[in-house]
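Let's take a friendly walk through some helices and the parts around them. Have a look at the model first, and then read on.

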Amino acid sequence: MAAAFGARLAEAMDAHGPLCVGIDPHPGLLAAWGLPDDASGLAAFARTVMEAVGGRVAAVKPQSALFERHGSAGVAVLEEVVAAGRATGTLVIVDAKRGDIGSTMAAYADAYLRDGSPLAGDALTVSPFLGFGSLEPAVEAARATGRGLFVLALTSNPEGASVQHARDASGVSVAAAIAGQARLLNERETAASGAELGSVGLVVGATIGSAAHDAGVDLAAVRGPLLAPGVGAQGAGAAELAAVFGPARRAVLASSSRGVLAAGPDREALRRAAERACAEAAAALR
Ligand SMILES: O=c1ccn([C@@H]2O[C@H](COP(=O)(O)O)[C@@H](O)[C@H]2O)c(=O)[nH]1
């Protein structure tokens, strides 16, 4: 079995810095790159990004929806991205936000977290809004194969607050309850392995301002990686990263998609855009 995802991610961030480049082939970006909005354009886009940043950043995060919109041929391109990540030693976080009843979750776990599956990258984003316990098959598959999960907790979109900040009768917010469950799993893993970070991360948007504090979420206590989308096109930058994550900042993997991809299709320009975004994130999270 591969080393645990938390340890592999910590090593990748030490080597390359705290940036994940999102691969989001939006129709507008395909057009701006002079590519057709079909599976051939998608493949050219994804290959260009991987050639530009593969082996140079800690992780990439393909957005599954933007591959799925091209049907089975698009999903085949997502499989290519997973393979390219493996070939270049770049961690692949498949952003598919899966979540369902346990029996169906087991099938998602087979697709995205089992050795030998062409869609299985290094980690998967998952949704806990059918109950954290429904994620158990994914937790188990990730643990068994050295993969990781990023559980939605405080998302970067403003609409997320209406659910995530809601409190139960004892005053605990939904986000704090999710963070507490991740913390328990990471405590178990890190107690056994001695690793700094466990493999059950959270998605916490870089755009959320004081929401972690307001919702009673102690991000540092989670002892798991914190995937922070919202950098770049959604408006967050160095100041927001520093303010949102405070004492948890060493666990943060900042994620930017359109903010980097807008520099394409020139590979050198893409590479430089990723380097700039990484340097900014590193300075903010030091
Ligand atoms: O809370 C969340 C969770 C996931 N995302 C995803 O990240 C990227 C952001 O793209 P940008 O172009 O950098 O805005 C995208 O795939 C989202 O689905 C998020 O933004 N917020």
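The sections below look at a few helices of this predicted model, one topic at a time.

## Helix 5 and its two sides

Let's begin with helix 5, which runs over residues 71–88. Its 18 residues reach 26 Å from the first C-alpha to the last, close to the 26 Å expected at 1.5 Å a residue.

Which residues of helix 5 are buried? They are G74, V77, L78, V81, V82 and G85. These buried residues cover an arc of only 150 degrees around the axis, which means that they sit on the same side of helix 5. Now turn the helix around: the face turned away from the buried side carries the exposed residues S72, R86 and A87.

## What covers helix 5

Several elements help to cover the buried residues of helix 5. Among them are three strands: strand 1 (19–23), strand 2 (59–62) and strand 3 (91–98). Helix 3 (39–53) and helix 4 (64–68) are also part of this cover.

If you follow the chain just past helix 5, you come to G89, which takes a positive phi of about 75 degrees.

## Helix 3 beside helix 5

Two packed helices are described by the angle between their axes and the distance between the axes. For helix 3 and helix 5, the angle is about 15 degrees and the axes are 9 Å apart. The two helices are therefore roughly parallel to each other, and their crossing is right-handed.

Which residues meet here? Helix 3 brings A39, L42, A43, A46, R47 and M50. On the side of helix 5, the partners are A73, G74, V77, E80, V81, A84, G85 and T88. You have already met G74, V77, V81 and G85 among the buried residues of helix 5.

## Helix 11 and helix 13

Further along the chain, look for helix 11 (residues 238–245) and helix 13 (residues 267–285). Their axes come within 8 Å and cross at roughly 35 degrees, in a right-handed crossing. A238, L241 and A242 of helix 11 make the contact with E280, A281, A284 and L285 of helix 13.

## Helix 7 and its cover

Our last stop is helix 7, residues 136–145. Buried residues in this helix are A138, V139, A141, A142 and T145. What covers them includes helix 6 (102–113), strand 5 (148–154) and helix 9 (174–193).

Just after helix 7 comes G146, with a positive phi of about 75 degrees.

Technical notes. Residues numbered from 1 in each chain as written. Predicted model: local features only at pLDDT ≥ 70, side-chain atom pairs only at ≥ 80, totals over all residues. Heavy atoms only, no water. Helix = DSSP H or I, 4+ residues; strand = E, 2+ residues; numbered from the N terminus. Expected span 1.5 Å × (residues − 1). Buried < 20%, exposed > 50% of the residue type's maximum accessible area, 1.4 Å probe, protein only. Arc of directions from axis to C-beta. Contact = heavy atoms within 4.5 Å. Axes fitted to C-alpha atoms, helices over the stretch in contact; angles between N-to-C directions. Parallel < 35°, antiparallel > 145°, perpendicular 65-115°, else oblique. Left-handed = near helix turned anticlockwise from the far one by under 90°.
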